[in-house]
Amino acid sequence: MKKIHRVWAMLLAAIMALSLITTAFAEPTIDPAKNASLSIYKYDITTANSDGAWDAESYVSTGLHDDTVIDKLSKYAIQGVEFTYLRVADIAMNNEVLDGQRTVGVLYGFDGADAVLSAIGVTAADAHKSENGKNYYTSDLLNNKLSAVLTANATAAKNALEAAVKNGTTMTETDAAGHTSASDMEQGLYLVVETRVPENVTSTCNPFFVSLPMTTIDGAAWNYEDRKSV
């Protein structure tokens with residue numbers, strides 16, 4: 001019998017850098033000389049919950065790598081899952097005064113019409129600002145739009161986003177620990193899609209955005225290595 005793995009996602013590091021916030025970063029400038037990396041862990045969280053080994057509702061992410069999580073979920077790792085990623089936008093610092101209050105954060109710049117934006121229902125009118133031929137969007141806007149199309153019709157949204165990353169980079173299949181990774185990645189916003197699963201997995205995880213780099217949860221520093229469990 002095929003086993004259905006419920007879709008579940010937990011941030012081991014912030015998937016999207018913080019949107020416009022009023023607290024200044026300890027390190028407000030991204031170091032453009034640094035490349036980034038991404039690690040993904042695939043788990044059967046449905047069984048882990050049933051066994052009482054994990055309670056996703058009680059976990060609070062710190063935005064940093066957490067060995068405790070990996071240790072607890074290691075026996076539920078799923079091998080042979082393939083992910084594909086595509087860099088879809090630039091990442092840029094944004095510092096401006098809104099309603100008399102200075103805000104500091106990041107925006108993601110897209111070059112005009114884009115298949116990913118179309119797939120999640122984003123238009124130029126949704127841009128936070130336009131500059132030098134690019135439309136810049138906040139993480140909140142992009143995440144909310146992605147969530148909305150997945151809720152409305154997950155199958156259609158997944159198919160559209162999988163088509164959008166067809167020219168992307170395929171990661172190696174997850175190993176016995178459920179782990180796969182990529183390194184020396186250019187800074188920017190990436191779309192990650194689960195493009196192939198083993199026969200015993202009948203439900204793929206939802207596509208997701210990854211900001212490289214991203215801030216830690218407290219906004220105090222930049223993290224150039226992202227780790228995600230799905």
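**Helix α4, its partner α5, and Ala48**

Reader: How do you know that the length of helix α4 agrees with its number of residues?

Author: This is a predicted model. Helix α4 covers residues 139–152, which is 14 residues. At 1.5 Å a residue, α4 should span 20 Å. Its end C-alpha atoms are 20 Å apart, so the two values agree.

Reader: Which residues of α4 are buried?

Author: Ser139, Leu141, Leu142, Leu146, Val149 and Leu150 are buried in α4.

Reader: Why are α4 and α5 called oblique to each other?

Author: Two packed helices are described by the angle between their axes and the distance between the axes. Helix α5 spans residues 154–164. The axes of α4 and α5 cross at roughly 125 degrees and come within 5 Å. Roughly perpendicular is 65 to 115 degrees, and roughly antiparallel is over 145. The angle of roughly 125 degrees fits neither class, so the pair counts as oblique.

Reader: What residues meet where α4 contacts α5?

Author: From α4 come Leu146, Val149, Leu150 and Ala152. From α5 come Ala154, Ala157, Lys158 and Leu161. By class, this contact has 7 nonpolar residues, 1 charged and no polar. Lys counts as charged.

Reader: What makes Ala48 buried?

Author: Ala48 has a relative accessible area of 0%. Buried means under 20%, so Ala48 qualifies.

Reader: Where is Ala48, and which residues is it in contact with beyond four places in sequence?

Author: Ala48 lies in helix α1, residues 45–50. Its contacts, leaving aside neighbours within four places, are Ala53, Trp54, Leu73 and Tyr76. Leu73 is 25 residues from Ala48 along the chain, with their C-alpha atoms separated by 7.2 Å.

Terms used: Residues are numbered from 1 along each chain as its sequence is written. This is a predicted model: local features need pLDDT of at least 70, side-chain atom pairs count only at pLDDT 80 or more; totals for chains, interfaces and linings use all residues. Side-chain values use heavy atoms; hydrogens and water are left out. Helices (H or I, at least four residues) and strands (E, at least two) are DSSP runs, numbered from the N terminus. Buried means under 20% relative accessible area, exposed over 50%, partly exposed in between (1.4 Å probe, protein chains only). Contact means heavy atoms within 4.5 Å. The expected span of a helix is 1.5 Å times one less than its number of residues. Axes are lines fitted to C-alpha atoms, for helices over the stretch in contact, and angles run from 0 to 180 degrees between N-to-C directions. Angles under 35 degrees count as roughly parallel, over 145 as roughly antiparallel, 65 to 115 as roughly perpendicular and the rest as oblique.
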